[in-house]
Amino acid sequence: MAQGNRKIRVVVAKPGLDGHDRGAKIIARALRDAGMEVIYTGLHQTPEQIVETVLQEDAHAVGLSILSGAHMTLVPRIAKLLGEQGAEEVVLVVGGTIPQDDIPELKELGVAEVFTPGSSVQEIVDYIQGAVPA
Amino acid sequence: MATQLTGKGKGKDRWRAERYAAKPERDALFTTISGEPVEPLYTEEDLPADLDAEIGLPGEFPYTRGVYPSMYRGRLWTVRQFAGFGTAEETNERFRYLLGHGQHGLSTAFDMPSLMGHDSDHAKSEGEVGREGVAIDTTEDMETLFRGIPMGEVSTSMTINAPAAVMLAYYVVAAERQGVAPEQLAGTIQTDILKEYIAQKEWCFPVDPAMRLVTDMIEYCAKDMPRWHPVSISGYHIREAGSTAQQELAFTLKDGFTYVEHALERGLDVDDFAPRLSFFFNAHIDFFEEIAKYRAARRIWARELRDTYGARDERSLLMRCHAQTAGVSLTAQQPLNNVTRTAIEALAAVLGGTQSLHTNSFDEALALPTEEAVRVALRTQQVIAEETGVVHTADPLGGSYFVEALTDRMEEAAYAYFAQIDELGGMVEAIKQNYPQREIADASFTYQQEVDAGQRIVVGVNGYREGGDGQIATLRIDPELERKQIGRLQAVRTRRTGADVESNLATLRDAAANDRNLMYPLIECARAHASEGEIVESLQQVFGTYTETPVF
């Protein structure tokens with residue numbers, strides 16, 4: 001999808017105590033290689049810190065990487081904070097070991113897409129390019 | 001059949017030109033999963049020049065063929081399944097289940113808050129309590145974890161690093177309450193903080209004070225816990241973070257040398273602690289490369305401990321290790337295929353001569369394992385041990401042209417990394433400069449690109465796919481457990497004597513500021529029922545905290 005001349009800004013974030021950052025780093029790099037401006041928060045971020053980064057960077061999208069099983073605590077809080085800050089148009093995506101059963105509930109909370117293990121990097125890049133309005 | 005060896009160098013070249021080149025190769029990537037090129041054939045020409053010096057015999061220097069002369073004819077490896085979830089009560093039940101099903105030793109997985117030094121009621125712990133392991137906040141939780149299990153008889157492994165000293169203190173005091181003295185306790189605590197900064201990313205303090213704490217534990221165990229392994233130098237997480245086998249080997253051994261150097265600087269004799277250093281490696285899916293990795297590790301460790309660090313006690317030279325099959329190789333798609341992957345990886349670890357082994361459960365790409373999945377994983381080891389016959393002779397692949405060549409190449413790659421790291425000023429400096437972190441990030445990105453390009457096929461993921469992968473039952477952690485654990489912690493806070501806790505924490509801070517060994521004041525804090533978070537925060541007041549500058 002056409003992006004005009006505007007560069008997509010994406011925050012890649014690791015909420016919670018989970019230290020598994022392999023996936024987050026691969027995605028961050030792939031998004032950067034695809035021409036996006038990528039802000040990687042680093043590890044152990046609170047929901048408040050992540051939303052703060054999204055606002056400060058005026059990001060178009062935010063990708064949360066969670067492999068700890070704490071997604072049903074962390075994601076709703078981040079979605080809620082984004083809403084409270086008037087940033088509900090920011091495309092919120094989640095990646096990690098998310099059981100299929102939890103996906104409908106996450107989507108109801110405002111998560112645009114969930115990428116589970118085995119998703120290809122290109123799939124994620126394409127999705128974000130398509131989901132961020134030109 | 002006449003063999004016509006035309007002399008070294010000639011046979012393979014001739015064969016390649018005359019025979020092999022006659023038919024085209026498949027269009028495929030002929031490299032190991034780590035990117036090492038693999039030749040179409042290995043012959044005698046690929047063996048090391050001095051077979052005795054490089055390969056030798058099992059139980060003899062340089063131990064390439066195994067650390068013990070009889071290997072699995074003497075004693076099979078220890079089946080050690082890692083377990084932990086919920087509160088200490090749930091995990092205690094799982095422990096007893098495993099002991100009742102033929103497991104020999106226990107292995108404890110802690111939850112994220114415990115690994116990061118946070119109490120269960122800390123703001124950052126919300127939603128994480130008891131999820132990826134057991135929540136341990138106080139000595140009382142540790143006592144519950146081992147209720148009905150004789151701590152003087154069972155060997156225990158605890159997978160915790162940044163706050164390892166705190167957990168060891170809890171363990172010592174819990175044993176004390178069972179009437180078991182520290183010198184009777186056998187087991188391992190991971191404590192490998194360097195690989196936390198490199199790969200696993202669970203830390204409490206900056207690198208230098210963290211290294212001091214590790215050295216305190218090594219010193220304490222050398223004196224008071226002779227049967228305990230104070231550090232398990234771990235490549236597992238380095239590999240899971242996306243490293244190659246060569247990086248796993250090199251960074252792990254270099255971490256090991258760094259602990260040795262710190263203990264020597266403390267004034268310890270190498271032979272007083274080196275026999276109790278142990279290792280933990282990944283068992284990944286590239287079968288022969290993995291076997292070569294274990295063999296190279298033994299040879300390098302023995303040589304360096306003898307020649308560089310002056311070890312004289314033979315036990316100091318033995319690279320004894322635990323292995324775990326590769327979590328990262330498991331797929332969420334067609335999860336039963338993971339039984340096959342795990343079996344192959346476990347076989348590689350056994351043929352590589354491991355001393356203990358954890359086999360992953362087939363549902364672990366989806367969630368923590370169910371009891372059924374854990375049982376299949378356990379049985380996989382028993383099939384290898386009892387049915388395959390691979391245990392009847394030591395190092396069955398020793399002398400294989402391919403395996404010996406891979407072992408040599410693995411060793412060369414490790415030494416090349418050692419030289420790089422030394423140039424940066426050693427491993428602690430290299431970590432501060434993000435060197436190993438960057439190498440791993442690059443390797444994992446390259447691998448992912450190869451998978452995405454279809455150059456590497458992962459069955460069920462980018463090849464042989466099926467629509468609608470069958471859903472399997474997964475373990476759900478009851479959110480109620482978090483409230484229950486917080487209740488347990490708060491009950492301990494109410495029962496204990498507050499002034500006693502405060503004075504012990506003050507003594508601890510004083511010891512931290514004045515370079516006294518922290519294990520003794522930590523044990524006092526454990527006796528006074530100070531919580532893990534209170535202890536870690538006290539130490540952070542002296543040591544500070546750590547924030548990573550991420551590289552990707």
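In which crossing, left-handed or right-handed, does α10(B) pass α15(B)? The close-ups below take that up first, and then move on to other spots in this predicted model.

**Close-up 1. Two helices of chain B, α10 and α15, pack against each other.** The crossing is right-handed as α10(B) passes α15(B). Helix α10 covers residues 245–265 and helix α15 covers residues 401–423, and their axes sit 9 Å apart at an angle of about 55°. That makes α10(B) and α15(B) oblique to each other. On the α10(B) side, look for Gln246(B), Leu249(B), Ala250(B), Leu253(B) and Lys254(B). Facing them from α15(B) are Met410(B), Ala413(B), Ala414(B), Tyr417(B), Phe418(B) and Ile421(B). Sort the residues of this contact by class and you get 9 nonpolar, 1 polar and 1 charged.

**Close-up 2. Here chain B touches chain A.** Chain B brings 32 residues to the contact, and chain A brings 28. In chain B, α4 (112–116) and α17 (435–452) each supply at least two residues of the side that touches chain A. The most comes from α17(B), with 5 residues. As for the mix, this side of chain B has 14 nonpolar, 9 polar and 9 charged residues.

**Close-up 3. Helix α5 of chain A has a buried side.** Within this helix (residues 121–131), Val121(A), Ile124(A) and Ile128(A) are buried. They span an arc of only 65° around the axis, so they end up on the same side of α5(A). An α-helix has 3.6 residues a turn, so residues three or four places apart point the same way. Turn to the face away from the buried side of α5(A) and you meet the exposed residues Glu123(A) and Gly130(A). What covers the buried residues includes β1 (9–13), α1 (22–33), β3 (61–66), β4 (91–96) and β5 (113–115) of chain A, and α17 of chain B joins in too.

**Close-up 4. Some backbone spots are worth a look, among them Asp58(A).** Most residues other than glycine have a negative phi, and most peptide bonds are trans. Asp58(A), which is not a glycine, has a positive phi of about 50°. You'll find Asp58(A) in the loop between α2 (47–56) and β3 of chain A. With 9 other C-beta atoms within 10 Å, Asp58(A) is exposed. Over in chain B, Tyr464(B) also has a positive phi, near 55°. Tyr464(B) sits in the loop between α17 and α18 (480–495), and counts as exposed with 12 C-beta neighbours inside 10 Å. Finally, the peptide bond from Phe61(B) to Pro62(B) is cis, and Pro62(B) lies in the loop between α2 (51–54) and β1 (78–79) of chain B.

Definitions and conventions
Residues numbered from 1 in each chain as written. Chains lettered and ligands numbered in written order. Predicted model: local features only at pLDDT ≥ 70, side-chain atom pairs only at ≥ 80, totals over all residues. Axes fitted to C-alpha atoms, helices over the stretch in contact; angles between N-to-C directions. Helix = DSSP H or I, 4+ residues; strand = E, 2+ residues; numbered from the N terminus. Parallel < 35°, antiparallel > 145°, perpendicular 65-115°, else oblique. Left-handed = near helix turned anticlockwise from the far one by under 90°. Contact = placed C-beta atoms within 7 Å. Nonpolar A, V, L, I, M, F, W, Y, C, P; charged D, E, K, R; others polar. Buried ≥ 20, exposed ≤ 12 C-beta atoms within 10 Å, placed from the backbone. Arc of directions from axis to C-beta.
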